[in-house]
Amino acid sequence: MHAAISLSDQLIPLRADLLRYAKLQLRNDAWAEDAVSDTLLVALEQPESFDGRSQLKTWLIGILKFKILDKFRANAREVALPESEDVNSDSDALEGLLFKADGHYATPLNEWTDPVSQLNRQEFFVILETCMDKLPAQLSRLFMMREWLELSCEDICKELKLTSTNFYVQMHRARLRLRECLDLNWYGNQ
Amino acid sequence: IPLHRTCKEATHLMLSAQDQPLSGRDRIALEIHLWMCDNCPRFERQLKTIRRALSDWRNEMTK
């Protein structure tokens, strides 16, 4: 009993971090709240499965990842973009700005400074989070499933019932938009 | 020149390579383009910076 009380005391200050992590992935406050609540419930019901070899937060994030995946599965229709979303269109406005009609860059690309110092890295993370927030929610979720949950393309397509063509086009757009946002806000502020 | 690629095509190849392996032909065409182009190697470095930052950011949030 004492161990359970002690654990719940330790969980309270970690809840905000878990919620931030879940919101970044799910882009839906209600789903994120659910996923974090489910995670904390598992932790309180099965404290013996925390063997102390890792940090408590690392253990909780491990549980949370599965809960986030459950949310993706339960809301697959809303998570994925509809197949009809002009996947073969080559007319993304962004590409129109980047490239001339002959397929070469309209203006030279900026050379970014690598955010290697600790201060620069923290600043870069803030801008990165802002840019992730600016991505359309569905693009952002796909991108995070791939980059943060490190799911394979095949697994994501299977979970969300996406064709590989649709998936690759959406990832392409997400990466291009993210790069553009970072170019404006990271390089632009240097 | 069958292996000629424009910057737009090279950019598409670099973005595709983030999620799936390129064919031998595409990989060679991209290498040739990167060797001759001033802009696309910058794009490639930016993609690497983003990928590394995402990984560092994730590690920071989970530790």
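In this predicted model, Glu111(A) reaches across to Arg45(B), and the two side chains form a salt bridge with an N to O distance of 2.7 Å. Side chains of opposite charge can pair when their charged atoms come close. Across the interface of chain A and chain B, six salt bridges are found. Polar contacts between chain A and chain B, counted with both residues at pLDDT 80 or more, come to 14 residue pairs. On the side of chain A that touches chain B, helices α2 (15-26), α4, α7 (118-134), α8 (137-147) and α10 (164-185) each supply at least two residues. Of the elements of chain A, α10(A) gives the most to this side, with nine residues.

The extent of the interface can be described in residues and in area. Chain A brings 44 residues to the contact and chain B brings 29 residues. Between them the two chains bury about 3,600 Å², and 60% of this lies on carbon and sulfur atoms. Within chain A, the residues that lose the most area to chain B are Tyr105(A), Trp148(A) and Arg175(A), which together make up 17% of what that side buries.

Over all chains, the count of salt bridges is twelve. One of them joins Glu33(A) and Arg15(A), whose closest N and O atoms are 2.7 Å apart. This pair links distant parts of the chain, with Glu33(A) in helix α3 (residues 29-45) of chain A and Arg15(A) in helix α2 of chain A, 18 residues apart. Glu33(A) is partly exposed at a relative accessible area of 31%, and Arg15(A) is likewise partly exposed, at 29%. Arg179(A) pairs with Glu180(A) in a salt bridge, with 2.9 Å between the closest N and O atoms. Arg179(A) has a relative accessibility of 1%, so this residue counts as buried.

Chain B has a salt bridge of its own between the side chains of Arg5(B) and Asp26(B), at 3.8 Å from N to O. Because Arg5(B) lies in the segment before α1 (7-16) of chain B and Asp26(B) in helix α2 (residues 24-36) of chain B, the pair ties together parts that are 21 residues apart in sequence. Arg5(B) is buried, with 15% relative accessibility, whereas Asp26(B) is partly exposed at 23%. Elsewhere, salt bridges that share partners bring Arg146(A), Glu147(A), Arg175(A), Asp19(B) and Arg51(B) into one network. Arg175(A) thus appears both in this network and among the residues of chain A that lose the most area to chain B.

Glu95(A) is another charged residue to look at, and it sits in helix α6 (residues 93-98) of chain A. With a relative accessibility of 5%, Glu95(A) counts as buried. Its side chain makes a polar contact of 3.2 Å with that of His172(A). A further polar contact, of 2.9 Å, joins the side chains of Glu95(A) and His12(B).

The nonpolar residues tell a companion story. The largest nonpolar core holds 59 residues, and Ile68(A), Leu182(A) and Trp57(B) touch the most other members. Helix α4 (residues 56-74) of chain A gives the most to this core, contributing nine residues. At least three residues of the core come from each of domain 1 (2-78) and domain 2 (89-189) of chain A. A second core, separate from this one, has 17 residues, including Leu98(A), Leu176(A), Cys7(B) and Leu13(B).

Chain B itself consists of three helices and zero strands, in the order α-α-α along the sequence. Of its 63 residues, 46% count as buried. Among the contacts in chain B with a separation of 6 or more, 53% are between residues 24 or more positions apart. In α1(B), the buried residues are Cys7(B), Ala10(B), Thr11(B), Leu13(B), Met14(B) and Leu15(B). An α-helix has 3.6 residues a turn, so residues three or four places apart point the same way. The cover over the buried residues of α1(B) includes α10 of chain A, along with α2 and α3 (40-62) of chain B. Helix α10(A) therefore takes part in covering α1(B), besides giving the most to the side of chain A that touches chain B.

Note on methods. Residues numbered from 1 in each chain as written. Chains lettered and ligands numbered in written order. Predicted model: local features only at pLDDT ≥ 70, side-chain atom pairs only at ≥ 80, totals over all residues. Heavy atoms only, no water. Core = buried A, V, L, I, M, F, W, Y, C linked by side-chain atoms within 4.5 Å. Buried < 20%, exposed > 50% of the residue type's maximum accessible area, 1.4 Å probe, protein only. Helix = DSSP H or I, 4+ residues; strand = E, 2+ residues; numbered from the N terminus. Domains from an automatic or database assignment. Contact = heavy atoms within 4.5 Å. Buried area = accessible area lost by both parts, 1.4 Å probe. Salt bridge = Lys/Arg side-chain N within 4 Å of Asp/Glu carboxyl O. Polar contact = N/O pair within 3.5 Å; in protein donor to acceptor, adjacent residues only side chain to side chain.
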